[in-house]
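Good morning, everyone, and thank you for coming. I would like to walk you through one protein model at an easy pace, so please keep the picture in view while I talk.

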Amino acid sequence: MQYRRLGKSGLQLSALSFGAWVTFGKQVGRSLARDLLAMAHDHGINFFDNAETYNNGVAETLMGDVLADLRFPRDSYCVSSKVYFGAVDNPLPTQRGLSRKHVIEACHQALQRLRVEHLDLYFCHRPDPDTPIAETVAAMDTLVRQGKVLYWGTSEWPAEAIVEAHRVAKENHMYAPTMEQPQYNLLHRERVEQEYAPLYDAYGMGTTIWSPLASGLLSGKYNHGVPAESRLAQPGYEWLREAVLEHDASRLDKVRRLAPIAAELGVPMAQLAIAWCLANPHVSTVMLGASKLEQLEQNLASLALLPRLDAEVLKHIGQAVA
Ligand code: NDP
């Protein structure tokens, strides 16, 4: 495993990490969750990502249960939660968003579900137009000072909102966000590569990037239709299928154009897509998702491919998805 600093912070995360979205509590039950986390930890993964909203808290409960069962030393891994969407269907106004009340109550609930005394990373899952940024920064600062959160960050915040959070924190001598959690993959590049470009040096911002395979699309598994039991066939995720697969047919064309490059290198497409994310120095960690052990095993091998992605290969990849 390779370890990278989370921005300018002293925290070193494994370059590949592992998250629970969709899978934990839906496609993945307790036994498989245990095997996945054990395999991840065995391979040096030290960051497990979660959120209050993932299967309405069930993903956190399952992860907490399995982490306790596996008895990994607490100082050998980091675990996260994210606050904003709430952990119930049709949340009341106090059960969602980034108000001081919900940020702090959601943290306490996540600590209970994950069975830990602190969250290593805690993210504002989206910007909240109904809460002043200063209120959210102050709530996060409180949690950090109480030792319940070690590093806080944002997820999918516009650059100007991140700048505002830093301004408020600096003016009030509060803890500023350390990291952002954006989507980043071969089909979704603009925010990480352009919008956030001024933030990396200015604030030492780290990134924990999500959906490196665009929910599996970049593995090539959807090139000839939607396999039964795949993520985009899951009941309740029709919106995701529309967004990932059906909304823009050119995405599938791009994936198909990547296939010969992976074949030339003699690697599965998923490894090519993940290694490409790792090649960006502003990526602190690439968060993997997996519904099967074989997928995680295959994806872990992406690190070995990274040194082979020289300028020429990167140019061909860029041309394929242009
Ligand atoms: P990916 O884009 O890598 O998608 C993972 C899914 O792709 C797997 O569950 C599996 O789905 C399929 N897959 C994975 N590996 C392979 C393979 N080798 N071959 C074929 N299919 C494969 O990542 P996620 O979208 O899961 O994102 C990773 C993590 O990021 C999440 O778990 C979550 O923690 C975080 N996240 C954060 C968000 C945010 O807003 N902050 C939003 C989304 C995710 P299947 O087998 O079912 O087809």
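Let us begin at Thr154, which stands opposite Glu180 in strand 8. That pair belongs to the place where strand 7 and strand 8, the latter made of residues 179-180, run parallel and are joined by two bridges. Please keep in mind, as we go on, that what you see is a predicted model.

How does the chain get from strand 7 to strand 8, and what is the hand of that unit? The path goes by way of helix 5, residues 159-171, and together strand 7, helix 5 and strand 8 form a β-α-β unit that is right-handed.

On the other pairing of strand 7, we meet strand 6. Strand 6, residues 119-124, pairs with strand 7, residues 149-154, in the parallel sense, and five bridges are found between them. Here too the chain makes a β-α-β crossover, passing from strand 6 through helix 4, residues 133-145, to strand 7, and this crossover is right-handed. If you would like a single pair of residues to look for, find Tyr122, which stands opposite Trp152 in strand 7. While you look, remember that in a regular strand the side chains alternate between the two faces of the sheet.

Now I would like to turn to two other strands, and to one residue in each. Ser17 lies in strand 3, residues 16-19, while Thr285 lies in strand 10, residues 285-288. Are these two residues buried or exposed? Ser17 has a relative accessibility of 0%, and because buried means under 20%, Ser17 counts as buried. Thr285, also at 0% relative accessibility, counts as buried for that reason as well. The side chains of Ser17 and Thr285 are joined by a polar contact of 2.7 Å.

Each of them also has further neighbours, once we set aside residues up to four places away in sequence. Ser17 touches several residues, including Ile45, Phe47, Val286 and Leu288. Thr285 is in contact with a list of residues, among them Leu13, Ala15, Phe47, Thr207 and Ile209.

Let us move from the strands to the loops, where two residues deserve a careful look at their backbone. Asn90 is found in the loop between strand 5, residues 78-83, and helix 3, residues 100-114. The phi angle of Asn90 is near 45°, which is a positive value in a residue other than glycine. Asn90 counts as exposed, because its relative accessibility is 72%. Glu229, in turn, sits in the loop between strand 9, residues 206-209, and helix 8, residues 238-246. Its phi is near 75°, again a positive value in a residue other than glycine, and Glu229 counts as exposed, with 64% relative accessibility.

Finally, we come to the ligand. Which residues are closest to it? There are 33 residues around the ligand, and the closest are Gln27, Asp49, Ser211, Lys221 and Ser291. A polar side-chain atom of Ser291 lies 2.6 Å from an oxygen atom of the ligand. Leu213 takes part through its backbone, where an N or O atom lies 3.0 Å from a ligand oxygen atom. For Tyr54, a polar side-chain atom lies 3.4 Å from a nitrogen atom of the ligand. Taken alone, the ligand exposes 910 Å², and the protein buries 96% of that area.

Notes. Residues numbered from 1 in each chain as written. Predicted model: local features only at pLDDT ≥ 70, side-chain atom pairs only at ≥ 80, totals over all residues. Heavy atoms only, no water. Helix = DSSP H or I, 4+ residues; strand = E, 2+ residues; numbered from the N terminus. Buried < 20%, exposed > 50% of the residue type's maximum accessible area, 1.4 Å probe, protein only. Polar contact = N/O pair within 3.5 Å; in protein donor to acceptor, adjacent residues only side chain to side chain. Contact = heavy atoms within 4.5 Å. Pairing = 2+ DSSP bridges. Right-handed = clockwise from strand over helix to strand, strands pointing away. Near = heavy atom within 4 Å. Areas by Shrake-Rupley, 256 points an atom, 1.4 Å probe, with all protein chains shown as cover.
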